[in-house]
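This report examines one protein structure. It considers packing, backbone geometry, aromatic contacts and strand pairing.

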Amino acid sequence: MPCGIYIHIPFCKSRCSYCDFATEIYRDRAAVNRYIRALKLEIEGFEPGGTEADTIYFGGGTPSLLTPEDLETILNSIQKRFKLFDDREFTVEMNPATVSLETLAGYRDLGVNRASFGIQTFDNRDLKILGRGHSSADAIETFHLLREAGFENISFDLIAGLPGQTLLGWEKNLEQAIRLRAEHISLYLLEVHSGTPLAAQIAAGRRPLPDEDVAAEMYNLMCSMLEASDYRQYEISNFARPGFESKHNLKYWKLEPVFGFGVSAHSFDGNRRYSNTRSTERYVAEIENSGQPLRFVEATDTASEAIFLGLRLNEGINTEEIKNRYGPDIFSLFADELTRLADAGLIEIAGTRMRLTCRGRLYSNEVFGVFI
């Protein structure tokens, strides 16, 4: 089974108010060069070499702050340790107003064929609340630059449930996204993480708490509007035009191997999970001192993960395959819980196929809690 490759680029021009990822402010080229050198050492020290890979994903942070030359340097290291499929999916996360047509053309020359585009919202007021460094006009202009550069597979990220956001405002966001006709749209309900500037603003009373009831209406609205516009929901938060589902992200939900490189990167080799430190300085220092980062092995209940990750997909899970591959008989272990979830309209079961209902996708955490 071919694996996926994830590369984490932590640098950003500014820190978003809601962000809980391992990121840091872009300081200077020296810091970027030092990080890339460390990244190359980690990738080139990967064992075993020769592993087949059919997806590459540069996430962050803001990977689009890298030059095509930076990207080529990292790609050369990847090619030393992995056998890359000719038809691989190659995604780079991009933020509006961080790329030029020349840069995008350079990415395309290197084989980048998918852009994951962090718009978050087309509302300028909400962009300021989120601490984003771009305007709605910047987002639309960058989208057109992507098309001009030859990108035929573009994904949008949008966030619903922002403080003070109305259902009408969310509908306008969806209408704008649909007009642009991106191939893929990822839509998330805002999560307020402790320790973020947004959490502090809410605690101080400067921002209202997101309204959960309105957020639920927003979720239902996006499902109906996108379905009517020929987007297929294939995962709780992800919609795509036919044939444009994210091959890389499907690997996470289907428990296929993904090897991550860079600060905070997570890996799953098919049996165990491990991760790198969330500190960029520590990550770089570890590699400069020993050639490889200190990896943290994580406790894993693979059977449980196979159930709740698989249920994220609209197709759901095959309970017989879960039993044959991982051991547990879901119907025996969770008989009472499954009856309760079905009676509540959160899951549906047909033979060996179990999947979330539309209502179940909205209240998925309640379902997943049964299996964790």
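The sections below describe a predicted model, beginning with its nonpolar core.

**Nonpolar core**

In soluble globular proteins, nonpolar side chains tend to be buried together. The largest nonpolar core of this model holds 98 residues. Within that core, the residues that touch the most other members are Ile7, Phe58, Ile74, Phe82 and Phe156. Helix α8, which spans residues 212-228, gives the most to this core, contributing eight residues.

The surroundings of Phe58 can be listed in detail. Residues up to four places away in sequence being set aside, Phe58 touches Ile7, Ile9, Pro63, Leu66, Leu71, Ile74, Phe90, Thr91, Val92 and Glu93. Two of these partners, Ile7 and Ile74, are themselves named with Phe58 among the core residues that touch the most other members.

**Backbone geometry**

Most residues other than glycine have a negative phi, and most peptide bonds are trans. Several sites in the model depart from this pattern, and the table collects their values.

| Site | Feature | Angle | Location |
|---|---|---|---|
| Glu47 to Pro48 | cis peptide bond | omega near 0° | Pro48 in the loop between α1 (29-44) and β4 (51-60) |
| Gly60 to Gly61 | cis peptide bond | omega about 20° | Gly61 in the loop between β4 and α2 (68-81) |
| Gln120 | positive phi | about 75° | strand β6 (residues 114-120) |
| Arg181 | positive phi | near 60° | loop between α6 (167-180) and β8 (184-189) |

The two residues with positive phi also have their accessibility recorded. Gln120 has a relative accessible area of 8%, and therefore counts as buried, being under 20%. Arg181, at 29%, is partly exposed.

**A buried loop residue**

Which loop contains Ser237? Ser237 is located in the loop joining β9 (232-235) and β10 (238-240). Its relative accessibility is 9%, so Ser237 is classed as buried. Apart from neighbours within four places in sequence, the residues in contact with Ser237 are Ile185, Ser186, Leu187, Tyr188 and Arg312.

**Aromatic pairs and charges over rings**

The model contains 14 aromatic pairs. One of them joins Phe117 and Phe156 in a tilted arrangement, with 5.8 Å from centre to centre and 45° between the planes. Phe117 belongs to strand β6 and Phe156 to strand β7 (residues 154-160), so that this pair links distant parts of the chain, 39 residues apart. Phe117 and Phe156 are both buried.

A second pair consists of Phe308 and Phe368. Their ring centres are 6.0 Å apart and their planes lie at 45°, which is why the pair is tilted. This pair also links distant parts of the chain: Phe308 is in helix α11 (residues 302-311) and Phe368 is in helix α16 (residues 364-371), with their positions 60 residues apart. Phe308 and Phe368 are each buried.

Ring pairs also join Phe46, Phe82, Phe259 and Phe261 into a cluster. Phe82 thus connects two parts of this description, as a member of that cluster and as one of the core residues that touch the most other members.

Charged groups sit over aromatic rings at two further places. The charged end of Arg108 is over the ring of Phe151, at 5.3 Å from the ring centre. For Arg273, the charged end sits over the ring of Phe268, at 4.6 Å from its centre.

**Helix α11**

How many of the residues of α11 are buried? Ten of its ten residues are buried, and the helix is mostly covered. These buried residues include the nonpolar Ala303, Ala306, Ile307, Leu309 and Leu311, together with Thr302, Ser304, Glu305 and Gly310. Phe308, the α11 member of the aromatic pair with Phe368, is also in the buried set.

**A three-stranded sheet**

Strands of a sheet pair through backbone hydrogen bonds, either parallel or antiparallel. In this model, three strands form an open sheet in the order β15-β17-β16, with antiparallel pairing. Because β15 (317-318) and β16 (347-350) each have a single partner strand, they stand at the edges, and one side of each has no neighbour in the sheet. Strand β17 (residues 353-356) is joined to β16 by four bridges, and these two strands run antiparallel. Across this pairing, Glu348 stands opposite Arg355 in β17.

Note on methods:
Residues are numbered from 1 along each chain as its sequence is written. This is a predicted model: local features need pLDDT of at least 70, side-chain atom pairs count only at pLDDT 80 or more; totals for chains, interfaces and linings use all residues. Side-chain values use heavy atoms; hydrogens and water are left out. A nonpolar core is a set of buried Ala, Val, Leu, Ile, Met, Phe, Trp, Tyr and Cys residues joined through side-chain atoms within 4.5 Å. Buried means under 20% relative accessible area, exposed over 50%, partly exposed in between (1.4 Å probe, protein chains only). Contact means heavy atoms within 4.5 Å. Rings of Phe, Tyr and Trp (its six-membered ring) pair if their centres lie within 6.5 Å; planes under 30 degrees apart count as stacked, over 60 as edge-to-face and the rest as tilted. A charge sits over a ring if NZ of Lys or CZ of Arg is within 6 Å of the ring centre and within 35 degrees of the ring normal. Two strands pair if DSSP finds at least two bridges between them.
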